[in-house]
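Here is a friendly walk through one model, with the sequence and the coordinates side by side. Keep both in view as you read.

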Amino acid sequence: MNDDTDVLPRTPTEAEHEDLNSAIAHAAPKRWWNRTTLVLAGLVLLVGGFLGGVQVHKHWGSSASSSATTATPSGGGAFPGGAGMPSGAIGQGQARPGGGTAGTVTKVDGSILYVQTEAGETITVRTSDSTAVSKTTPATVAELTTGLKVTIEGIPDSEGIISATAITAS
């Protein structure tokens, strides 16, 4: 007899092959993420960014209420019922520091403007060389014309005349 013959291992059957594949897959480390996890993580980041932006705007954002509030000359700069302000913030007879009004220019007389508010009242506005006037680009008081809609920023005096610090024409 010849002892040089080697016995080869037999080839696994199909069922044994499937068992081996499932055993390897079961022993392999699992991924911590899948498509659903990535989508949820993205949504959390979006919501967090939005809420962070809201908080930043609350703390450092600007208020667009200056054109919504209207000063009345008859109350020494009072705001009727605290228009545009939180309840009780500004009442009758109280001047609003850095107050503003909006309306339409009815007359320009040198450095004095006459502005008619939406309520129909005419407000006298005194300007100076330091009054910032702008349209789409910086402008001067002389460039303001009758019928132009303006927003005035300034503090009214005891007679109701506003000393303008800024005028914006639209």
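Which residue takes a positive phi in the hairpin of S6 and S7? It is Gly160, with a phi near 90 degrees, and the hairpin has 5 residues between the strands. Before going further, please bear in mind that this is a predicted model.

**Strand S7 and its partners**

Let us begin with the strands around S7. S6 and S7 run antiparallel and are joined by 7 bridges. S3 also pairs with S7, in the parallel sense, over 2 bridges. Strand S4, residues 132-134, runs parallel to S7 as well, and 3 bridges join the two. The table lists one residue pair from each of these pairings.

| Strand paired with S7 | Residue | Residue opposite in S7 | Bridges between the strands |
|---|---|---|---|
| S3 | Val125 | Ile162 | 2 bridges |
| S4 | Val133 | Ile167 | 3 bridges |
| S6 | Ile152 | Ile167 | 7 bridges |

Ile167 appears twice here: Val133 stands opposite Ile167, and Ile167 is also the bridge partner of Ile152.

**The nonpolar core**

Several of these residues return in the largest nonpolar core, which has 16 residues. Those with the most contacts inside this core are Leu113, Val125, Leu144, Val150, Ile152 and Ile167. Two or more core residues come from each of strand S2 (112-116), strand S3 (122-126), strand S6 (149-156) and strand S7 (162-169). The largest share, 4 residues, is given by S7.

Val125 is a good place to centre your viewer. Beyond its neighbours within four places in sequence, Val125 is in contact with Ser111, Ile112, Leu113, Val115, Ile152, Ile162 and Ala164.

**Thr131, a loop residue beside S7**

Is Thr131 buried or exposed? Thr131 sits in the loop between S3 and S4, and because its relative accessibility is 9%, Thr131 counts as buried. A polar atom of the Thr131 side chain lies 2.9 Å from the backbone oxygen of Ala164. Leaving out residues up to four places away in sequence, Thr131 touches Ala164, Thr165, Ala166 and Ile167.

**Val108 in strand S1**

Val108 belongs to strand S1, residues 100-109. With a relative accessibility of 29%, Val108 counts as partly exposed. Val108 and Ala142 are 34 residues apart in sequence, yet their C-alpha atoms are 7.8 Å apart in space. Not counting residues up to four places away in sequence, Val108 touches Leu113, Val141 and Leu144. Two of these, Leu113 and Leu144, are among the residues with the most contacts inside the core.

**Helix H2**

Now turn to helix H2, residues 35-60. How far apart are the end C-alpha atoms of H2? They are 37 Å apart, and since 26 residues at 1.5 Å a residue should span 38 Å, this agrees with what is expected. Asn34 caps the N-terminal end of H2, with a side-chain oxygen 3.1 Å from the backbone nitrogen of Thr36.

**How confident is the predictor?**

The mean pLDDT of the chain is 74, and 76% of its residues reach 70 or more. Among the elements, H2 has the highest mean pLDDT at 91, and helix H1 (residues 14-27) the lowest at 76. Over residues 64-96, pLDDT stays under 50, and the model has 60 contacts beyond four places in sequence for this stretch. Where pLDDT is low, predicted coordinates should not be read in detail.

Key. Residues numbered from 1 in each chain as written. Predicted model: local features only at pLDDT ≥ 70, side-chain atom pairs only at ≥ 80, totals over all residues. Heavy atoms only, no water. Core = buried A, V, L, I, M, F, W, Y, C linked by side-chain atoms within 4.5 Å. Buried < 20%, exposed > 50% of the residue type's maximum accessible area, 1.4 Å probe, protein only. Contact = heavy atoms within 4.5 Å. Pairing = 2+ DSSP bridges. Polar contact = N/O pair within 3.5 Å; in protein donor to acceptor, adjacent residues only side chain to side chain. pLDDT = per-residue confidence, 0-100. Expected span 1.5 Å × (residues − 1).
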